[in-house]
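Let's take the labels one by one and ask what earns each of them.

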Amino acid sequence: MFKKFLPFLFVGFLTGCNDETAPETPSQNNRPSAVGTIGFNVVNVYPHDTSHFTEGLLLHDNFLFESTGLEGRSHVMKIELSTGKTLRKASLPGNLFGEGISIIGDRIYQLTWQDHVVKVYDVNMFKEVAEYNWPYQGWGMTTNGTDLFISTGSNNIYQVDPSGFKIKKIISVSDQYGPLSNINELELVNNYIYANIWQTPYIVKIDMESGTVVGRLDLSDIWKKANIAEPLEKDVANGIAYDAVKGSFYITGKHWPTLFEIKLQ
């Protein structure tokens, strides 16, 4: 499967898993209730570099940190929010495809897609300080400040010890239709994981204890404001960052010209 160019899939029918431990489909009686739509307001719009094939996004010390994909174009960058200007950058070797990122302490962790490599950089100097092996595909990543949470394109999110990448827990995600796969970029906020569902206009809100989807944001209007054409191929929504001080989310996508600040209703 070439992750970046499959046809558009509706989130309600995204079942199954592309790695090892998809749970059985729940019985009708045990399935979660229908997922409600979470409303939001766009409160600001910022520039976003259209050369960025966005794979990971986060806010740290009032700066955006972004990871990009594609071989030969994969980087980790520190970005000025108001201007979209890149202030620092570390580049992956040309044969590696960058994916999600997270920051714990003074370290930036960056996944790669199919290479089973995790790169670690010093957050201040952007120098590589370590490398780890990851046995599955790498898609999205977030943190609770202690552990990392990694998506692999399946319905599983892995809670991982960052000191050696040992898996501590597997969160199996389901909505009212059953296991929900194609979970991509992640952001953890107040014990809920917000996740882009690849090739859809949706961000889902996941209870991190049960794995149940408890809400969904529909980004269709944002895509239109970003002038992203449909049917969607590669320029999909991907990138969720959270500002705990302002209570805002920052949303963008691959090659999008804009980054949107939104507040949930």
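**Strands, sheets and spaces**

Q: Which residue of strand 19 is the bridge partner of I203?
A: In this predicted model, I203 has L217 of strand 19 as its bridge partner. Residues are numbered from 1 along each chain as its sequence is written. Local features need pLDDT of at least 70, side-chain atom pairs count only at pLDDT 80 or more, and totals for chains, interfaces and linings use all residues, while side-chain values use heavy atoms, leaving out hydrogens and water.

Q: What makes strand 18 and strand 19 a pair?
A: Pairing takes at least two bridges found by DSSP between two strands, a strand being a DSSP run of E with at least two residues, numbered from the N terminus. Strand 18 and strand 19 (residues 213–218) are joined by five bridges and run antiparallel, so they count as paired. They form a hairpin with five residues between them, and G211 in the turn has a positive phi of about 80°.

Q: What makes strand 17 a partner of strand 18?
A: Strand 17 (residues 192–197) and strand 18 (residues 202–207) share five bridges in the antiparallel sense, which meets the requirement of at least two. I203 of strand 18 is the bridge partner of N196. This hairpin has four residues between its strands, and Q199 takes a positive phi near 70°.

Q: Why are strand 2 and strand 5 called edge strands?
A: The open sheet in question has four strands in the order 2-3-4-5, with antiparallel pairing. Strand 2 (54–60) and strand 5 (86–91) each pair on one side only. The twist averages 15° from one strand to the next, with axes fitted to C-alpha atoms and angles running from 0 to 180 degrees between N-to-C directions. Inside the sheet, five bridges join strand 4 (residues 75–79) to strand 5, and H75 has S91 of strand 5 as its bridge partner.

Q: Which strands are at the edges of the sheet with the order 1-22-21-20?
A: Strand 1 and strand 20 (237–243) are the edges, each pairing on one side only. This is an open sheet of four strands with antiparallel pairing. Its neighbouring strands are turned by 25° against each other on average, direction ignored. Strand 21 (residues 248–253) and strand 22 (residues 258–264) are linked by three bridges, and Y250 has E261 of strand 22 as its partner.

Q: What makes a space a cavity, and how many of 30 Å³ or more are there?
A: On a 1 Å grid over the protein atoms alone, a 1.4 Å probe fits in a cavity but cannot get out. A search of the whole structure finds one of 30 Å³ or more. The largest cavity has a volume of about 60 Å³, and its lining (residues with an atom within 4 Å of a point) includes Y46, H48, E66 and L259. Strand 1 (40–47) and strand 3 (63–68) each supply at least two lining residues.

Q: What makes the other kind of space a pocket, and how much space lies in the largest one?
A: A pocket is an open set of points with protein on both sides within 12 Å along at least five of seven lines. About 320 Å³ of space lies in the largest pocket. Of its 16 lining residues, the closest to its centre are L59, T143, E187, L188 and Y242. Strand 2 gives the largest share of the lining, four residues.

Terms used:
Points joined across faces, edges and corners; volume = space filled by probe spheres on them.
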